[in-house]
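Q: I should like to learn how to read a few features of a structural model. May we go through them one at a time?

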Amino acid sequence: MTFLAGLGLGLSLIVAIGAQNVFVLRQGLRREHVGAVVLICAVSDALLIALGVSGMGAAIASRPWLETGARWAGAAFLLGYALLAARRAWKGGETLHPDDAGGAAAGHAGTGGRTVATGAGLRAVAATALALTWLNPHVYLDTVLLLGSVAGSYGEARWIFAAGAVTGSVVWFTGLGYGARLLSGVLDRPGAWRILDGVIATVMLVLAVSLAWGA
């Protein structure tokens, strides 16, 4: 029951429209470095959960200036990402051809000469995934502070609770990253990607404003 409690709380905190989930979804739709993104997000979440359960959450809570600084840094990063997504939505030209691993479909009708198979490199994608995870203040508020506090109430069984929360993260990120391809048929049009990038830009902008307002 302790494991299931951790699983339930972990999922309830992570299953929400946020910067990290939007990025994982987009990479899953593009089928671009999905394994690396899922691994980075799941391992990072496990480390953050461990920090919270080990008592780091209480230490952060005792220093309000850390939270304020993290909020401003996160707001600046999300604003930059929102501008990039808005630029993609404005320019358009992307479509989805997951079977084209080498970019041979670049001249496919309706693609405008571009294909998502020739996207960002692994280093850039990994850096973005790390930044969206570790520069996001909500991660520390939810995963470290809240989940860590609840886990502490389980005493010696708190690490079983943590194991449940980590399992929830692994299941969620794996399902989101690899399950996104089920939408590939819908997004095999440049117009659909412009809408998706517009939604991403809006979500990132709202999150940036909320962080700055909270700071």
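Q: Is Leu-29 buried or exposed?

A: This is a predicted model, and the values are computed from it. A residue counts as buried when its relative accessible area is under 20%. Leu-29 has a relative accessible area of 1%, so Leu-29 is buried. Leu-29 lies in helix H2, residues 19-30.

Q: How far apart are Leu-29 and Leu-176 in sequence and in space?

A: Along the sequence, 147 residues separate Leu-29 from Leu-176, while their C-alpha atoms are 9.6 Å apart.

Q: Which residues are in contact with Thr-128, leaving aside its neighbours within four places in sequence?

A: Phe-23 and Tyr-81 are in contact with Thr-128. Thr-128 belongs to helix H6, residues 122-134. Its relative accessibility is 19%, and the limit for buried is under 20%, so Thr-128 counts as buried.

Q: What span should helix H3 have?

A: The idea is to allow 1.5 Å a residue. Helix H3 has 20 residues, 34-53, and should therefore span 28 Å; its end C-alpha atoms are 28 Å apart, which agrees. Among the buried residues of H3 are Val-34, Ile-40, Asp-45 and Leu-48. After H3 comes Gly-55, with a positive phi near 110°.

Q: Which residues form a nonpolar patch on the surface?

A: Met-1, Phe-3, Leu-4 and Ile-160 form such a patch, and together they have about 450 Å² of accessible area. Of these, Ile-160 sits in helix H8, residues 158-179. Ile-160 is partly exposed, at 45% relative accessible area.

Note on methods: Residues are numbered from 1 along each chain as its sequence is written. This is a predicted model: local features need pLDDT of at least 70, side-chain atom pairs count only at pLDDT 80 or more; totals for chains, interfaces and linings use all residues. Side-chain values use heavy atoms; hydrogens and water are left out. Helices (H or I, at least four residues) and strands (E, at least two) are DSSP runs, numbered from the N terminus. The expected span of a helix is 1.5 Å times one less than its number of residues. Buried means under 20% relative accessible area, exposed over 50%, partly exposed in between (1.4 Å probe, protein chains only). Contact means heavy atoms within 4.5 Å. Patches are made of residues with over 30% relative accessible area and no salt bridge: like charges are joined within 9 Å, nonpolar side chains (Val, Leu, Ile, Met, Phe, Trp, Tyr) within 5 Å. Accessible areas come from the Shrake-Rupley method with a 1.4 Å probe; for residues, only the protein chains shown count as cover. A salt bridge is a side-chain nitrogen of Lys or Arg within 4 Å of a carboxyl oxygen of Asp or Glu.
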